[in-house]
Amino acid sequence: MFAHNKRLQYTVRVSEPNPGLANLMLEQFGGPQGELAAAMRYFTQAVSDDDPGRKDMLFDIATEELSHLEVIGHIIAMLNKGAKGELAEAVDSEAEMYKKLTGAGNDSHVTQVLYGAGTPLVNSAGVPWTAAYIDTIGEPTADLRSNIAAESRAKIVYERLIALTDDPGIKEALGFLMTREIAHQKSFEKALYSISPNFPPGKMPGDPRFADTYFNMSQGPGEMRGPWNQGEKWNFVTDRDKQMAVDGGTGEAEVKLPAKDIDLLKQMSARTLSDPTIDPPTGAELGMGNQTVADGKTVSGK
């Protein structure tokens, strides 16, 4: 059960309207790394998690992400305040209004006209929010790693947004939201390490023949070795022949078919057989200019 408190988790102070910046802020409102995506990701994980500690943590963080959605939403609304009134009341001439909208850049004219300078659940390019952003798979050791990565990506987006504004109030609020991404990463990482073993994700072990093998398939200038592919824990395979049919088979796709299917495939093969002796002129060749026809005469395509 949710109960809404009208006071924001962090006070929003915006110095002046800026529709272009508001549009960029939508990335954290309705974008793939945004607060709604995070809230829904952790909420759906919490509902189905059977571990009481993780369930409690996920519900806490999911609810906090909703409060962050509220903060970023208010920033967007404040940045759009001037444009909202001007649009609604049509105080400018058509030419001046159009200049203001398109001059803001970043497709802000689209979101302002379509959504009345509001806070739509779209990203900064106007793409609607989608549940496809939620990558929960129902395995804690995989989901927690995904959560850590999601918080990392969100932090980077906040860093980029902070670099785009000199408004001190917005910088402070975004700095708070960015810092909370770090705190959530820590919680998720601690929760991951509390599961033992936690690698590889899931419960099935990998095939020991391939789990410690590194296939050097991209060869040429720029070859690099490091802890990711060298040392006692790695079998480094650079031989092309040893990168094919590593299971010891033929390396070809096979299927066992019933006799009736084999007969049908033979019929189809015979019907669609290519004759390498046939070489008629094609339309593409005729269109290129000169073409030798079947009787040996050369004619011009012009």
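**Figure 1. Salt bridges in the predicted model.** A search of the whole structure, which is a predicted model, finds 7 salt bridges. One of these joins the side chains of Arg-41 and Asp-135, with a nitrogen-to-oxygen distance of 3.1 Å. Because Arg-41 belongs to helix α3 whereas Asp-135 sits in the loop between α7 (108–115) and α8, this pair ties together parts of the chain that are 94 residues apart in sequence. The two partners also differ in their surroundings: Arg-41 is buried, with a relative accessible area of 2%, while Asp-135 is partly exposed, at 36%.

**Figure 2. A salt bridge within helix α8 and another between sequence neighbours.** In the close-up of α8, the side chains of Lys-155 and Glu-159 meet in a salt bridge with a nitrogen-to-oxygen distance of 2.3 Å. Lys-155 and Glu-159 are 4 residues apart in this helix, and therefore about one helical turn separates them. In an α-helix there are 3.6 residues a turn, so residues three or four places apart point the same way. Lys-155 has a relative accessibility of 18% and so counts as buried, since the cut-off for that class is under 20%; Glu-159, by contrast, is partly exposed, with a relative accessible area of 33%. A further salt bridge joins the side chains of Lys-260 and Asp-261, at 3.3 Å from N to O. Of these two residues, Lys-260 is exposed, with a relative accessible area of 57%, and Asp-261 counts as partly exposed at 24%.

**Figure 3. Helix α3 and its packing partners.** Helix α3 comprises 14 residues, 35–48, and reaches 21 Å from its first C-alpha to its last, which is close to the 20 Å expected at 1.5 Å a residue. Its buried residues include Glu-35, Leu-36, Tyr-42 and Gln-45, together with several alanines, among them Ala-37, Ala-38 and Ala-39. Arg-41, described above for its salt bridge with Asp-135, is likewise one of the buried residues of this helix. The buried residues of α3 pack against four other helices, namely α2 (27–30), α4 (52–79), α8 (140–162) and α9.

**Figure 4. Aromatic pairs that involve helix α9.** Across the whole structure, the search finds 7 aromatic pairs. In one of them, the ring centres of Tyr-10 and Phe-176 lie 4.8 Å apart and the planes stand at 20°, so the pair is stacked. This pair links distant parts of the chain, as Tyr-10 is in the segment before α1 (19–25) and Phe-176 is in helix α9, 166 residues apart. Tyr-10 counts as partly exposed, at 23% relative accessibility. In another pair, the rings of Tyr-42 and Phe-188 have centres 4.9 Å apart and planes at 55°, so the pair is tilted. Here too distant parts of the chain are linked, with Tyr-42 in helix α3 and Phe-188 in helix α9, 146 residues apart. Tyr-42 is buried, with a relative accessible area of 0%, and Phe-188 also counts as buried, at 0% relative accessibility.

**Figure 5. An aromatic cluster and a charge over a ring.** Phe-2, Phe-43 and Phe-59 together form one aromatic cluster. In a separate view, Arg-225 lies over the face of Phe-236, at 3.5 Å from the ring centre.

**Figure 6. Backbone features in two loops.** Two cis peptide bonds are shown, of which one joins Ser-196 and Pro-197, with omega about -5°, and the other joins Phe-199 and Pro-200, also with omega about -5°. Pro-197 is placed in the loop between α9 (168–193) and α10 (208–211), and Pro-200 lies in the loop between α9 and α10 as well. The other loop, between β2 (235–237) and α11 (259–271), holds Ala-245, whose phi is near 50°, a positive value in a residue other than glycine. Ala-245 is partly exposed, with a relative accessible area of 30%.

**Figure 7. The whole chain as context for the close-ups.** The protein chain has 12 helices and 4 strands, and buried residues make up 31% of its 302 residues. Among the contacts with a separation of 6 or more, 68% are accounted for by residues 24 or more positions apart. The chain exposes about 19,400 Å², of which carbon and sulfur atoms supply 57%.

Note on methods: Residues are numbered from 1 along each chain as its sequence is written. This is a predicted model: local features need pLDDT of at least 70, side-chain atom pairs count only at pLDDT 80 or more; totals for chains, interfaces and linings use all residues. Side-chain values use heavy atoms; hydrogens and water are left out. Buried means under 20% relative accessible area, exposed over 50%, partly exposed in between (1.4 Å probe, protein chains only). Contact means heavy atoms within 4.5 Å. Accessible areas come from the Shrake-Rupley method with a 1.4 Å probe; for residues, only the protein chains shown count as cover. The expected span of a helix is 1.5 Å times one less than its number of residues. Rings of Phe, Tyr and Trp (its six-membered ring) pair if their centres lie within 6.5 Å; planes under 30 degrees apart count as stacked, over 60 as edge-to-face and the rest as tilted. A charge sits over a ring if NZ of Lys or CZ of Arg is within 6 Å of the ring centre and within 35 degrees of the ring normal. A salt bridge is a side-chain nitrogen of Lys or Arg within 4 Å of a carboxyl oxygen of Asp or Glu.
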